[in-house]
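Work through the exercises below with the sequence and the model open. Try each task before reading its solution.

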Amino acid sequence: DSAGNGFSFKGIKDYLECYRSGKLTPFQVAKNIIAMLEDCDKSTPPLRAIVQWDREQIMLMAEASTTRYRNKCTLSCLDGIPVCLKEEFKVVPYRHRVGTVYLGTKPETEDATVAKKLREAGAIIIGVSNMHELGTGTTGCNPNRYHKIPRNPYKPNHFTGGSSSGSAAAVAAGLCPVAIGTDGGGSVRIPASFCGVVGLKGTFGRISGHGSLPLSYSTVSVGPICTSVADAAIVYSILAEPDPLYPYGLKQPKATLPDMCAPDLKGLKLGVDWTFFKACDAEVLSICEKAVEHLQSLGASVVEVSLPEMEEARVAHAICILSEMRDFLQPDFNKHFWEMNLDTRANLALGSQFTALDYITANRQRTRSMRFLREIFNTVNCILTPAVPCTAPRIYESDLSYGCSDLSFTVRSMRFMQLGNLTGIPGLVVPVGYSTDGLPINLQVMAKWWDEAVLLRIGQKLEEFRHHTKKPSIYYDVLA
């Protein structure tokens, strides 16, 4: 329950209250969403959050959900809830383009595991969301003819962040309270932070990646982008389990949420490496420091920790993700080079410069970093950092036609993200405030492998720090 003054995002609870009270049916909600999808395609500039949707598909799912509510036999608390999935996932009957113009030549006939699980839970899949081409960037800038650049609902002349750009934009703009993304270098957490919503990167292997394009098999985790931490917990609890088709998460412990509703944070130790923490813009630092103090006021203790070899970990992550993407996309790079965006070509060309020796050395660093983290998590329950060192960057006119490539921004935006991707630990980003320009700022909480429960517990308390939620300048109230 969030006691809100003024604006608050509509979450799963709001939809369920409407459905259970009979105020609205999933069928009526679906009609509203279709009208809004038509509107945001025609608006100036177009939102470009959802890039493929089908009226008939949406209405079929909504009719089935409406019947279940009428007969009091709903499938889960996601029944009738609108969701979207990043275009990196196979979703019937859409094209699996993965942000490109050359993939997905035919409609899909088989769902990715997460799409299948959402259908089984009764969710209404409203379409697939925009993404940075092949997940190769952190802005979300994708100028090709099928995608175009998604707009930040808080400031439409700013980027959403990437690569799960459309997923974050759809949630922040109110089109759906839940979206699914993938995160190989912050691709769930960066757009969630730039768009002022909640993003969870699960432990590596926790949520099945089967049916998504395996761009980087050792760094990518799947996770939800939601309007609240409670909603992220609901989606996590439905999606997190072993999948026989996805070997990386087969041996995982059961996903549980103990102490999620504990009244305080007594007994929890929050680790902060202050030198690392402070490597961000002054405005971001000021708000994030106050958010840490808020957690302390709820009984948690802040313990100073040292995160060793962070520069080595950063380089190791870059070598791993680019080498794996370059390897997997070798046929595309040879055959579809001229159809790729300029920044995709540049990143894949850079990836081709790494050697087998570089890749082996990077993986040795991964082992070292994981060992350091094991020791740190023996003394603290989590590690706190700002989510991103800066707020969402501006979109320039030339970006619309040619895209953009700013390697220094890419490196900077991933600063607090890469440790989680290199080592596979889970991370949660939660909105804690706004810059003087009105752009969102988030804090990140990371925990040991499989301990998403402690992230969600801390995240819920972190939400209380932000007393006032600003309404995005592009916002659709589906339940109005």
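The exercises follow, each with a stepwise solution.

This is a predicted model: local features need pLDDT of at least 70, side-chain atom pairs count only at pLDDT 80 or more, and totals for chains, interfaces and linings use all residues. Residues are numbered from 1 along each chain as its sequence is written, and side-chain values use heavy atoms, with hydrogens and water left out.

**Exercise 1. Check the length of helix α9 against its residue count.**

Step 1. Locate the helix: α9 covers residues 282-297, which is 16 residues. Helices (H or I, at least four residues) and strands (E, at least two) are DSSP runs, numbered from the N terminus.
Step 2. Compute the expected span, 1.5 Å times one less than the number of residues. For α9 this gives 22 Å.
Step 3. Compare: the end C-alpha atoms are 23 Å apart, so the two values agree.
Step 4. List the buried residues (under 20% relative accessible area; exposed is over 50%, partly exposed in between; 1.4 Å probe, protein chains only). In α9 they are Val-284, Leu-285, Ile-287, Cys-288, Ala-291, Val-292, His-294 and Leu-295.
Step 5. Look just past the helix. Gly-299 takes a positive phi of about 105° there.

**Exercise 2. Find which residues touch the most other members of the largest nonpolar core.**

Step 1. Define the core: buried Ala, Val, Leu, Ile, Met, Phe, Trp, Tyr and Cys residues joined through side-chain atoms within 4.5 Å.
Step 2. Rank the members. Of 132 residues, Leu-175 and Ile-180 touch the most others.
Step 3. Inspect Ile-180. Setting aside residues up to four places away in sequence, its contacts (heavy atoms within 4.5 Å) include Phe-89, Val-114, Leu-118, Val-222, Val-235 and Leu-239.
Step 4. Look for another core. A second, separate one has 12 residues, among them Val-98, Leu-134, Ile-321 and Leu-329.

**Exercise 3. Describe the surroundings of Glu-452 in helix α17.**

Step 1. Place the residue: α17 spans residues 452-463.
Step 2. Check accessibility. Glu-452 counts as buried because its relative accessibility is 0%.
Step 3. Search for a polar partner (N or O atoms within 3.5 Å; within protein, one able to donate a hydrogen and the other to accept it; residues adjacent in sequence count only if both atoms are side-chain atoms). The side chains of Glu-452 and Arg-206 make such a contact at 3.4 Å.
Step 4. Add the other neighbours. Beyond four places in sequence, Glu-452 also contacts Leu-200, Gly-202, Thr-203, Tyr-236 and Pro-426.

**Exercise 4. Place Ala-262 and find what it touches.**

Step 1. Ala-262 sits in the loop between α7 (229-239) and β7 (269-272).
Step 2. Its relative accessible area is 15%, so Ala-262 is buried.
Step 3. Leaving out residues up to four places away, Ala-262 touches Arg-457 and Lys-461.
Step 4. Ile-458 is 196 residues away along the chain, yet the C-alpha atoms of Ala-262 and Ile-458 are separated by 9.8 Å.

**Exercise 5. Examine the backbone at Pro-45, Ser-163, Arg-48 and Leu-134.**

Step 1. Thr-44 and Pro-45 are joined by a cis peptide bond, with omega about -10°. Pro-45 lies in the loop between α2 (26-42) and β1 (50-52).
Step 2. The bond from Gly-162 to Ser-163 is also cis, with omega near 10°. Ser-163 belongs to the loop between β3 (124-129) and α5 (165-172).
Step 3. Arg-48 is not a glycine but has a positive phi of about 55°. Arg-48 is in the loop between α2 and β1.
Step 4. Leu-134, not a glycine either, has a positive phi of about 55°. Its relative accessible area is 0%, so Leu-134 is buried.
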